[in-house]
Amino acid sequence: MVQGVFYRQSTREKAYELNLKGTVRNCEDDTVEIIATGNKEQLDKLIAWCREGPPRAKVTNVTVQELSLQSFYNFSIIRY
């Protein structure tokens, strides 16, 4: 469950810190989807952070998948 722990906002802040571009969004099944572009070191740091998340988060699983390159202007939160 990611509700109420500011996971998306915290992810965006971490992505800005790492100079990454991409998106973060909550999915219907209460998981979070993050698409990020950057170099390997930047992405590895984001993945490591995702395994912990913000202070009140309880992360049980992180799945990493390589996608075809996408272009983003910044790192944004997608809200529905």
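These are my notebook entries on a predicted model, covering its sheet, two of its helices and a few single residues.

**Ground rules.** I number residues from 1 along each chain as its sequence is written, and my side-chain values use heavy atoms, with hydrogens and water left out. As the model is predicted, local features need pLDDT of at least 70 and side-chain atom pairs count only at pLDDT 80 or more, while totals for chains, interfaces and linings use all residues.

**Entry 1, the sheet.** I looked up the strand order first. I found an open sheet of three strands, ordered β2-β1-β3, with mixed pairing. β2 (32–37) and β3 (75–78) are the edge strands with a single partner strand each, so one side of each has no neighbour in the sheet. From one strand to the next, the twist averages 10°. For the record, strands (E, at least two residues) and helices (H or I, at least four residues) are DSSP runs numbered from the N terminus. Two strands pair if DSSP finds at least two bridges between them. A reminder to myself: strands of a sheet pair through backbone hydrogen bonds, either parallel or antiparallel.

**Entry 2, β1 with β2.** Strand β1 (residues 21–26) pairs with β2 in the antiparallel sense, over six bridges. I wrote down some of the pairs: Lys-21 is opposite Thr-37 in β2, Gly-22 has Ala-36 as its bridge partner there, and Asn-26 is opposite Val-32. The two strands form a hairpin with five residues between them. In the turn, Asp-30 has a positive phi of about 70°.

**Entry 3, β1 with β3.** Here the pairing is in the parallel sense, over four bridges. Val-24 has Ile-77 in β3 as its bridge partner, and Arg-25 has Ile-78. Which side chains of β3 are buried? Phe-75 and Ile-77 are, and they point to one face. Ser-76 and Ile-78 point to the other face and are not buried. My cut-offs are under 20% relative accessible area for buried, over 50% for exposed and partly exposed in between, with a 1.4 Å probe and protein chains only.

**Entry 4, α1 and α2.** I checked how the two helices sit together. The axes of α1 (residues 7–18) and α2 (residues 40–52) come within 10 Å and cross at roughly 155°. That makes α1 roughly antiparallel to α2; the scale is under 35 degrees for roughly parallel, over 145 for roughly antiparallel, 65 to 115 for roughly perpendicular, and oblique for the rest. Axes are lines fitted to C-alpha atoms, for helices over the stretch in contact, and angles run from 0 to 180 degrees between N-to-C directions. Contact means heavy atoms within 4.5 Å. On the α1 side, Tyr-7, Ser-10, Thr-11, Lys-14 and Leu-18 meet Gln-42, Lys-45, Leu-46, Trp-49 and Cys-50 of α2. By class, I get five nonpolar, three polar and two charged residues in this contact. In that tally Ala, Val, Leu, Ile, Met, Phe, Trp, Tyr, Cys and Pro are nonpolar, Asp, Glu, Lys and Arg are charged, and the others, Gly among them, are polar.

**Entry 5, single residues.** Is Thr-11 buried or exposed? Thr-11 counts as buried, at 0% relative accessibility. Thr-11 is in α1 and touches Val-24, Ile-34, Trp-49 and Phe-75, leaving out residues up to four places away in sequence.

Gln-42, in α2, also counts as buried, at 16% relative accessibility. With the same sequence neighbours left out, Gln-42 touches Leu-18, Asn-19 and Leu-20. I also checked Gln-42 against Asn-61: they are 19 residues apart along the chain, and their C-alpha atoms are separated by 20 Å.

Leu-69 is in the loop between α2 and β3. Leu-69 is exposed, with a relative accessible area of 79%. Its C-alpha atom is separated by 7.6 Å from that of Thr-37, 32 residues apart along the chain.
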